[in-house]
Amino acid sequence: MRLNGEIKTLKDPVALSDFLTQEGFSDKRIAVERNGEIVPKGEYANVILSDSDTLEIVAFVGGG
């Protein structure tokens, strides 16, 4: 699979929520795009990733 432009190998299909935890992302301040479509936060546990997926993950940062 491709994550933010880098190749990652998945051994088995995995839920997006589990993948985010494994990769060290907090789902509180991120947006996830899978294969060109935004994934609603409520769907993270239902979306199963495979090696053919492309993810873009954007982290929001506060400031002023």
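**Exercise 1: Asn35**

Find the loop that holds Asn35, then say what its backbone and its exposure look like.

*Solution.* Step 1: walk along the chain, and you meet Asn35 in the loop that links strand S4 (30–34) to strand S5 (37–39). Strands here are DSSP runs (E, at least two residues), helices are DSSP runs too (H or I, at least four), and both are numbered from the N terminus. Before going on, note that this is a predicted model, where local features need pLDDT of at least 70 and side-chain atom pairs need pLDDT 80 or more, while totals for chains, interfaces and linings use all residues. Residues are numbered from 1 along each chain as its sequence is written, and side-chain values use heavy atoms, with hydrogens and water left out.

Step 2: look at the backbone. Asn35 isn't a glycine, yet its phi is positive, at about 50°.

Step 3: check the surface. Asn35 has 43% relative accessibility, so it counts as partly exposed. The cut-offs are under 20% relative accessible area for buried, over 50% for exposed, and partly exposed in between (1.4 Å probe, protein chains only).

**Exercise 2: Asn4**

Run the same steps for Asn4: where does it lie?

*Solution.* Asn4 sits in the loop between strand S1 (2–3) and strand S2 (6–7). Its phi is positive, about 50°, although Asn4 is not a glycine. With a relative accessible area of 34%, Asn4 is partly exposed.

**Exercise 3: Asp53**

Is Asp53 buried or exposed, and which side chains does it meet in polar contacts?

*Solution.* Step 1: place Asp53 in the loop between strand S6 (48–49) and strand S7 (54–59). Its relative accessible area is 4%, so Asp53 is buried.

Step 2: hunt for polar contacts (N or O pairs within 3.5 Å; within protein, one atom must be able to donate a hydrogen and the other to accept it, and residues adjacent in sequence count only through two side-chain atoms). The Asp53 side chain makes one of 2.7 Å with the side chain of Asn35, and another of 3.4 Å with that of Arg34.

Step 3: widen the search to any contact (heavy atoms within 4.5 Å). Skipping neighbours within four places in sequence, Asp53 touches Met1, Arg2, Arg34, Asn35 and Ile48.

**Exercise 4: The sheet**

What is the strand order of the open sheet?

*Solution.* Step 1: list the elements. The chain has 1 helix and 7 strands, in the pattern β-β-β-α-β-β-β-β.

Step 2: find the pairs, which need at least two DSSP bridges between two strands. Five strands form an open sheet with mixed pairing, in the order S2-S1-S7-S4-S5. At the edges you'll find S2 and S5, each pairing on one side only.

Step 3: zoom in on one pair. S1 and S2 run antiparallel over 2 bridges, and Arg2 stands opposite Ile7 in S2.

**Exercise 5: The core**

Which elements give two or more residues to the largest nonpolar core?

*Solution.* Step 1: such a core is a set of buried Ala, Val, Leu, Ile, Met, Phe, Trp, Tyr and Cys residues joined through side-chain atoms within 4.5 Å. The largest one has 15 residues, and Leu16, Phe19, Leu20, Val32, Tyr44, Leu49 and Leu55 touch the most other members.

Step 2: the elements asked for are helix H1 (16–22), S4 and S7. H1 gives the most, with 3 residues.

Step 3: try Leu55. Apart from residues up to four places away in sequence, its contacts include Leu16, Phe19, Val32 and Leu49.
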